[in-house]
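Here are some exercises to work through with the structure open beside you. Try each task before you read its solution.

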Amino acid sequence: MAATDLNKSTPNQDFTNIEILNFDAVIVGGGGSGMRASLQLAEAGLKVAVLTKVFPTRSHTVAAQGGIGASLGNMQEDNWHYHFYDTVKGGDWLGDQDAIEFMCREAPKVVYELEHMGMPFDRNEDGTIYQRPFGGHSANYGEKAVPRACAAADRTGHALLHTLYQKNLELGTQFFVEWIALDLIRNEAGDVLGVTAIDQETGNVAVFQAKATLFATGGAGRIFRASTNAYINTGDGLGMASRAGIPLQDMEFWQFHPTGVAGAGVLLTEGCRGEGGVLRNKSGEPFMERYAPTLKDLAPRDFVSRSMDQEIKEGRGCGPNGDYVVLDLTHLGADTIMKRLPSVFEIGKKFANVDCTKEPIPVVPTIHYQMGGIPTNIHGQVVVPKGDNPTEIVKGFYAIGECSCVSVHGANRLGTNSLLDLVVFGKAAGEHIIDYVTKHHGDDYAPLPNAVLENTNRRLNALQNSAAGENAQDVADAIREVMQQHAGVFRTQKLMDEGVKQILALAPRVKNLHLKDKSKVFNTARIEALEVENLYEVAKATMISAAARTECRGAHTVVDYELPGDHPTYANGRRDDEWMKHTLWYSVDNRLEYKPVRQKPLTVDEIPPKPRTF
Ligand SMILES: Cc1cc2nc3c(=O)[nH]c(=O)nc-3n(C[C@H](O)[C@H](O)[C@H](O)COP(=O)(O)OP(=O)(O)OC[C@H]3O[C@@H](n4cnc5c(N)ncnc54)[C@H](O)[C@@H]3O)c2cc1C
């Protein structure tokens with residue numbers, strides 16, 4: 001294989017001596033969304049490559065526990081209108097109602113497709129898929145909780161990912177495992193022509209040229225110190241997109257999951273509360289009854305996280321420092337716990353040293369999910385503002401899953417709606433790419449720009465030639481520290497403004513990374529250093545977008561903007577007159593733009609904004 005020798009490469013290297021691999025479609029990411037799309041493409045006979053940092057079934061989707069949302073109505077009457085309403089309200093009216101309608105209508109169909117592929121869901125006595133209640137999912141427009149989360153014990157993501165992987169193997173999808181995509185390739189017109197990537201095993205670089213490039217790179221929860229996310233969740237797709245001039249949308253909205261194990265960050269699924277678990281304060285009080293009289297412990301996550309923080313702030317936290325609350329499952333009985341929540345039992349033992357059949361588990365709100373991402377439409381096409389058009393299509397570029405913002409989750413995602421969006425939009429993007437590639441692209445590959453490797457070589461050479469400088473992990477830790485301190489559950493304008501200053505002040509350190517080990521083969525230090533640049537893009541996007549939004553909405557709670565007389569966890573000072581709009585952050589000059597929320601659904605009446613109580 002003719003490939004770059006990192007020791008010899010120069011900034012303007014002639015790419016003809018680099019291996020160029022051609023595909024109809026290149027998918028970056030082998031998680032749930034990437035593999036749902038690749039399946040579609042492989043089935044249609046397209047030549048598809050899936051690049052992934054880790055073996056596909058180790059992608060973060062594998063860690064999803066609680067379930068995938070669909071209004072099957074297997075255990076209680078349900079329909080997609082309720083699901084649609086819950087998702088709009090859960091997202092605090094920042095979600096685009098056309099995309100939400102599309103997702104909720106498609107949900108039963110895509111879940112049955114998974115069932116038919118062989119996904120091993122838990123079953124009811126009558127053979128239908130088992131469903132459990134989840135936060136913010138209700139029947140009859142908020143009246144009572146409804147079981148909507150289709151579950152495979154508390155290992156739903158595991159079941160989903162393995163099912164998709166096996167289907168992909170059957171259809172001959174080509175996986176490039178431990179190949180790390182580094183930069184997006186765009187031509188002068190701004191069209192996307194593929195990616196550059198490095199093979200971790202050999203250190204060789206190659207160009208993946210494609211008629212369609214799809215990002216499915218997952219979340220970036222590792223910009224925070226305490227996170228439920230896998231270590232690989234460093235926001236590479238977002239970094240690549242933003243460095244190539246694509247804006248990132250709604251990055252101020254980060255979800256804290258109420259039940260991360262205190263001190264460890266590992267997640268305990270909302271399914272715990274779906275099965276009947278309750279949160280208690282130091283007096284043993286099930287305090288959510290006070291904050292959300294109807295849905296109680298099953299209110300949406302932003303709401304429950306704020307309530308927990310409020311309990312802690314007001315001195316009702318547990319433990320010697322009063323800095324956590326507890327999740328009590330003891331009343332469920334060992335049989336239910338072992339059948340429905342076996343991983344939770346194991347996590348309790350391993351990470352909290354607690355037998356949850358006998359004692360409650362200490363928990364704190366922990367960073368879990370990014371609502372924002374690369375802006376797309378419902379076909380997964382990446383869209384950017386151009387002239388008067390807020391949604392001009394970037395030719396050849398698609399994004400799905402957690403790295404994208406379509407936007408169905410608005411300012412706060414409901415649990416189970418992510419696994420759902422992976423399959424709904426994975427399939428939709430797959431269908432669109434088939435059409436785009438077969439009808440419009442024929443056999444043609446657009447010519448690659450001459451400087452195709454310029455950005456990648458600049459970054460690789462800076463590390464390769466570094467003689468001194470910063471240790472990548474020290475800089476990553478500094479980024480995480482700022483985010484942890486300045487973009488938490490409760491924010492203040494002062495904290496956010498200070499956070500912006502601190503994050504921008506890290507720029508010289510990010511530029512000055514030093515790679516001690518220059519070897520090529522399996523050099524994970526090189527990959528980690530490259531990841532820091534992506535973490536930094538995401539952190540800047542988050543901090544700057546947050547400091548500019550002078551209201552409270554969903555997961556973005558700024559104490560200064562609560563209205564007089566507001567309840568600390570819900571009245572929230574949302575300002576629809578000014579802020580019913582999506583943020584777009586551009587890396588160049590940290591510029592911000594805005595575009596309106598699409599309030600019109602596809603076929604039904606819109607749900608007008610109202611105060612959010614549960
Ligand atoms: C602990 C946990 C539990 C969860 N539980 C639920 C749940 O029960 N229900 C629910 O709906 N949601 C849940 N979520 C959220 C949901 O699981 C994720 O949002 C979703 O799985 C993300 O899927 P994805 O396909 O976007 O990305 P991922 O599954 O994260 O996959 C990303 C892929 O991109 C690849 N990649 C990234 N960067 C590069 C690069 N530079 N080059 C090559 N490849 C790259 C990775 O190797 C990986 O294959 C949970 C999340 C967590 C963290």
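**Exercise 1: Around the ligand**

Of the 39 residues around the ligand (a residue is near a molecule if one of its heavy atoms lies within 4 Å of it), Ser 59, His 60, Thr 61, Glu 402 and Leu 419 come nearest. This is a predicted model, where local features need pLDDT of at least 70 and side-chain atom pairs count only at pLDDT 80 or more, while totals for chains, interfaces and linings use all residues. Residues are numbered from 1 along each chain as its sequence is written, and side-chain values use heavy atoms, with hydrogens and water left out.

Task: Find which backbone atoms lie 3.5 Å or 3.4 Å from an oxygen atom of the ligand, and how much of the ligand the protein buries.

Solution:
1. Look for polar contacts, meaning pairs of N or O atoms within 3.5 Å.
2. A backbone N or O atom of Gly 31 is 3.5 Å from a ligand oxygen atom, and one of Gly 32 is 3.4 Å from a ligand oxygen atom.
3. Turn to the area: the ligand taken alone exposes 1,000 Å², and the protein buries 98% of that. Such areas come from the Shrake-Rupley method with a 1.4 Å probe.

**Exercise 2: Who builds the shell?**

Task: Name the element that gives the largest share of the shell around the ligand, and sort the shell by class.

Solution:
1. Helices (H or I, at least four residues) and strands (E, at least two) are DSSP runs, numbered from the N terminus.
2. The largest share, four residues, comes from α11.
3. By class, the shell holds 14 nonpolar, 21 polar and four charged residues. Here Ala, Val, Leu, Ile, Met, Phe, Trp, Tyr, Cys and Pro count as nonpolar, Asp, Glu, Lys and Arg as charged, and the others, Gly among them, as polar.

**Exercise 3: Two packed helices**

Task: Describe how α13 and α14 pack.

Solution:
1. Helix α13 spans residues 472-486 and helix α14 residues 493-505; they pack at about 170°, with axes 9 Å apart. Axes are lines fitted to C-alpha atoms over the stretch in contact, and angles run from 0 to 180 degrees between N-to-C directions.
2. That angle makes α13 roughly antiparallel to α14, a term for angles over 145 degrees.
3. Residues in contact (heavy atoms within 4.5 Å) include Ile 479 and Val 482 of α13 and Leu 495 and Met 496 of α14.

**Exercise 4: Unusual backbone**

Task: Where is the residue that follows Val 406 across a cis peptide bond?

Solution:
1. The cis bond joins Val 406 to Ser 407, with omega about -5°.
2. Ser 407 sits in the loop between β18 (404-405) and α11.

Note on methods: Polar contact = N/O pair within 3.5 Å; in protein donor to acceptor, adjacent residues only side chain to side chain. Parallel < 35°, antiparallel > 145°, perpendicular 65-115°, else oblique.
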